[in-house]
Amino acid sequence: MKQPKNTIKLSPPPVSEPTLDVTGKGARPDSDIKPIQIKVSVARHKEMKAYAAEQGISMTDMLLEGYRMLRETRGG
Amino acid sequence: MTIISCIGQKGGGSKSTTARTLAAGFTEAGWKTHLADIDEKQQTLMKWCRRREEAGLPAIECGLYRRVDTAVKVKEQYHLIIIDGRPAAETTSMDVAAESDLVIVSTGPTIDDLEPSLELGRELTMKGIPREKIVFLVAKTPSAAEGKKAQATIAAWGFRVLNATVRFQPAYGQALDGGRALFETPFKTLNDEARAMVEEIHDIINA
């Protein structure tokens, strides 16, 4: 008896197999974390860092809180 | 307003051919259509549109853009924008796919063509492009049997694939050389097959 014919040319890989990333590093899912950089004077940096520490939050949390408040105030 | 894009993982996969044929088909059907060429180096679409105009064929609006976001800025002026991706997949492929209502990945039927195209499809979905927005087209197929096998492979990878295929035919190349679309050859059967592809895309975006 003949073997059944192979009807497809290529089997799909396991779901867990990473892709070749041909679309580059700029193509990242929205949930990825990406750094953001701002430049301030040394004095302002110290002041901000100290204030965040006093409040018991990170610089990131402090800046994000400021962003949230600004959006609430100004809208958009 | 609808945005269709034609992208691929490698050159020669019939992206521009598909884009041009769709543009001609939709323009003929009364859609105000714009072809967006984002390949500054080759400018395949721009040159084809020029050849088309010189041949006295119905003109198709075409523009050359450096960036995808600039190309889609004109969307409100048209019923349909067709974006032809760059020769090989790179960062713009994601931008193009994200802006599109339908992403057409055209591929040849050989494993050499299918594998990178399917990998691109897999990558797009893993990076957040909904699977239902992607449709594959088997082009440059030397026979119906090869086309069917390629279609079955694409389906096995979980992607939608057009029933229509584009055969490898010298007359198609000659048509494109003369500024014509795939359904504007002197041969009825070839024209009908190309029109079937356009109509299938039409049905998908109107579903």
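## Chain B: its contact with chain A and its strand core

Apart from neighbours within four places in sequence, Glu119(B) is in contact with Pro13(A), Thr19(A), Leu20(A) and Trp157(B). Contact means heavy atoms within 4.5 Å. Glu119(B) sits in helix 5 of chain B. Helices (H or I, at least four residues) and strands (E, at least two) are DSSP runs, numbered from the N terminus. Glu119(B) counts as buried because its relative accessibility is 9%. Buried means under 20% relative accessible area, exposed over 50%, and partly exposed in between (1.4 Å probe, protein chains only). The side chain of Glu119(B) also makes a polar contact with the side chain of Arg122(B), at 3.2 Å. A polar contact is a pair of N or O atoms within 3.5 Å; within protein, one must be able to donate a hydrogen and the other to accept it, and residues adjacent in sequence count only if both atoms are side-chain atoms.

This is a predicted model: local features need pLDDT of at least 70, side-chain atom pairs count only at pLDDT 80 or more, and totals for chains, interfaces and linings use all residues. Residues are numbered from 1 along each chain as its sequence is written, chains are lettered from A and ligands numbered from 1 in the order in which they are written, and side-chain values use heavy atoms, with hydrogens and water left out.

**The interface**

How many residues does each chain give to the contact? Chain B gives 24 residues and chain A gives 20 residues. The area buried between them is about 1,900 Å², with 63% from carbon and sulfur atoms. Buried area is the accessible area (1.4 Å probe) that two parts lose on being put together, summed over both. Arg122(B), Glu123(B) and Lys127(B) supply 28% of the area that chain B buries against chain A, more than any other three residues.

The rule finds two salt bridges across this interface. A salt bridge is a side-chain nitrogen of Lys or Arg within 4 Å of a carboxyl oxygen of Asp or Glu. In one, the side chains of Asp21(A) and Lys127(B) meet at 2.3 Å, N to O. Eleven residue pairs are in polar contact across the interface, both residues at pLDDT 80 or more.

On the side of chain B that touches chain A, helix 4 (91–99), helix 5 (111–126) and helix 6 (144–156) each give two or more residues. Helix 5 gives the largest share, nine residues. That side of chain B divides into eleven nonpolar, five polar and eight charged residues. Here Ala, Val, Leu, Ile, Met, Phe, Trp, Tyr, Cys and Pro count as nonpolar, Asp, Glu, Lys and Arg as charged, and the others, Gly among them, as polar.

**The strands**

Strand 1 (residues 2–7) of chain B has six of its six residues buried, so it is largely enclosed by the rest of the structure. Thr2(B), Ile4(B) and Cys6(B) point one way, and Ile3(B), Ser5(B) and Ile7(B) the other. In a regular strand the side chains alternate between the two faces of the sheet. Strand 5 of chain B is mostly covered too, with six of six residues buried. Its two sides hold Leu102(B), Ile104(B) and Ser106(B), and Val103(B), Val105(B) and Thr107(B).

Two strands pair if DSSP finds at least two bridges between them. The parallel pairs in chain B are tabulated here.

| Strands of chain B | Bridges | One bridge pair |
|---|---|---|
| Strand 1 and strand 4 (residues 80–84) | five bridges | Cys6(B) and Asp84(B) |
| Strand 1 and strand 5 (residues 102–107) | four bridges | Ser5(B) and Val103(B) |
| Strand 5 and strand 6 (residues 134–141) | five bridges | Ile104(B) and Val135(B) |

Ile4(B) also has a bridge partner in strand 5, Leu102(B).
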